[in-house]
Amino acid sequence: MNTGSVYNHLLQVRESRGGGFMILVDPDKGHENDYLATCERAEDCGVDAILVGSSFMLNSNFAGAVGKIKQATSLPVIIFPGSFAQITPDADAILFSSLISGRNPAFLIDEQVKGAPLVKKYNLEAIPTGYMLIESGSLTSVQYISGSMPIPRGKSDIACAHAMAAQYLGMRLVYLEAGSGAGRPVPLEMVRSVSSYVDIPLIVGGGLRTAQDCRDCVEAGASFVVVGNHLEADRDFSLLRQLAAATHDKDSVKV
Ligand code: 1GP
C-alpha cells in the first residue's frame, strides 16, 4: 500500500460502512493455525482491518507472525505495538501510539523514540494515535505492564480532555481501551462524550463480546471497534460475521 493509504482506507470504510470492524491478533495467545485461519476468512466475514500486537509477549516470534498474517489476507495488517520490539517490516502500517492517559514517560515518548528509526527503515505508514486506558473493573495486562493508571470509568470529562489534547497534538486517531479481556467495556456514555468533543476518529476496544456491544459503540460515536480474544473459540466464524455485520448495519442486530 502507498503512504497514507491505510489511514485513508479506514476513513473510507467509516464513510461507506458507517463504522469499521477490526480484529486484534495477539500472536502470543492462541494457536497459530487458529489465528491464521481467522485471518484467511476475515475479509469474507466482513472484517475491515487486522491489528497485530501484544502488551506482553512470552513466547511468540512476532515478526514471523506478522509475515504469516500478511500472507493469509489482503486486508490491511496494522501493528498495534506493545513495545518498539514489535515493529516489523511486513505490516502495512502501525498505530504509532502514545499512552496519553498515563504519565509514564516510557510509554508517552521513550518507546516511540526507540521505534521511530525502525518505522523509517521499514517504510511503515505511521498513524499517530492517542491511546487511552479506561478502568474496566480489574487490572489488565496493559495497565500492569505500562505501570499507568487508567482513566476512571465515571470520569468522561477527563477522557474528553485527553482526547482533545491528542487531536490538538496532531494525532489522527483516539483509541479508548478497556484492555484485552476486560470484564467491562468502555462505558457508552464515555464513548458518546469523547466523540462529541473531537473530530478525529475514535477506536473502541476491550471486552466487546456481542453484536449488540459493537453496534452500541458505533451508535455512541465510535468509528471503529476492535475485538480480540473473544474470537478464539469461533471455529465456524459465525460470531465474526455477526460482529462485523452489526458494526456495519444496525438492521443486522437481532433483538
Ligand atoms: C485490546 O481492544 C482490544 O486492545 C481487544 O480486546 O481482546 O477484549 O476483545 P479484547
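I'm counting a residue as near the ligand if one of its heavy atoms lies within 4 Å of it. Note to self: this is a predicted model.

**Ligand site**

With that cut-off I get 14 residues around the ligand, and the closest are E177, S180, G181, G207 and G228. I sorted the shell by class and found 5 nonpolar, 8 polar and 1 charged residues.

Next I looked up polar contacts. The side chain of S180 has an N or O atom 2.5 Å from a ligand oxygen. From the backbone, a polar atom of G228 sits 2.7 Å from an oxygen atom of the ligand. N229 also uses its backbone, with an N or O atom 2.9 Å from a ligand oxygen. I then checked cover: on its own the ligand has 310 Å² of accessible area, and the protein covers 96% of that. Which elements give two or more residues to this shell? They are β6 (173-177) and β8 (224-227).

**Strand β6 and its neighbours**

Since β6 turned up at the ligand, I went through it residue by residue. I find 5 of its 5 residues buried. L173, Y175 and E177 point one way, V174 and L176 point the other way, and all are buried. E177, then, is a buried residue of β6 and also among the closest to the ligand.

I followed the pairing outwards from there. On one count, β6 runs parallel to β5, joined by 5 bridges, with Y131 standing opposite Y175. β6 also pairs with β7 (residues 202-205), again in the parallel sense, over 4 bridges; here V174 stands opposite L202.

One step further, β4 (residues 93-99) and β5 run parallel with 7 bridges between them. L99 of β4 faces Y131 in β5, and Y131 in turn stands opposite Y175 in β6. Why do I call β5 (residues 125-133) largely enclosed by the rest of the structure? Because 7 of its 9 residues are buried.

**Helices**

I listed the buried residues of α9 (residues 238-248): L239, L240, L243, A244, A246, T247 and H248. What covers them? The cover includes α1 (5-17), β1 (20-25), α2 (32-45), α8 (211-220) and β8. So β8 turns up twice in my notes, because I have it in the cover over α9 and in the ligand shell.

Last entry: S156, in helix α6 (residues 156-168). Is S156 buried or exposed? It is buried, with a relative accessible area of 11%. Leaving out residues up to four places away in sequence, S156 touches E189, M190 and S193.

Conventions
Residues numbered from 1 in each chain as written. Predicted model: local features only at pLDDT ≥ 70, side-chain atom pairs only at ≥ 80, totals over all residues. Heavy atoms only, no water. Polar contact = N/O pair within 3.5 Å; in protein donor to acceptor, adjacent residues only side chain to side chain. Areas by Shrake-Rupley, 256 points an atom, 1.4 Å probe, with all protein chains shown as cover. Nonpolar A, V, L, I, M, F, W, Y, C, P; charged D, E, K, R; others polar. Buried < 20%, exposed > 50% of the residue type's maximum accessible area, 1.4 Å probe, protein only. Contact = heavy atoms within 4.5 Å. Pairing = 2+ DSSP bridges.
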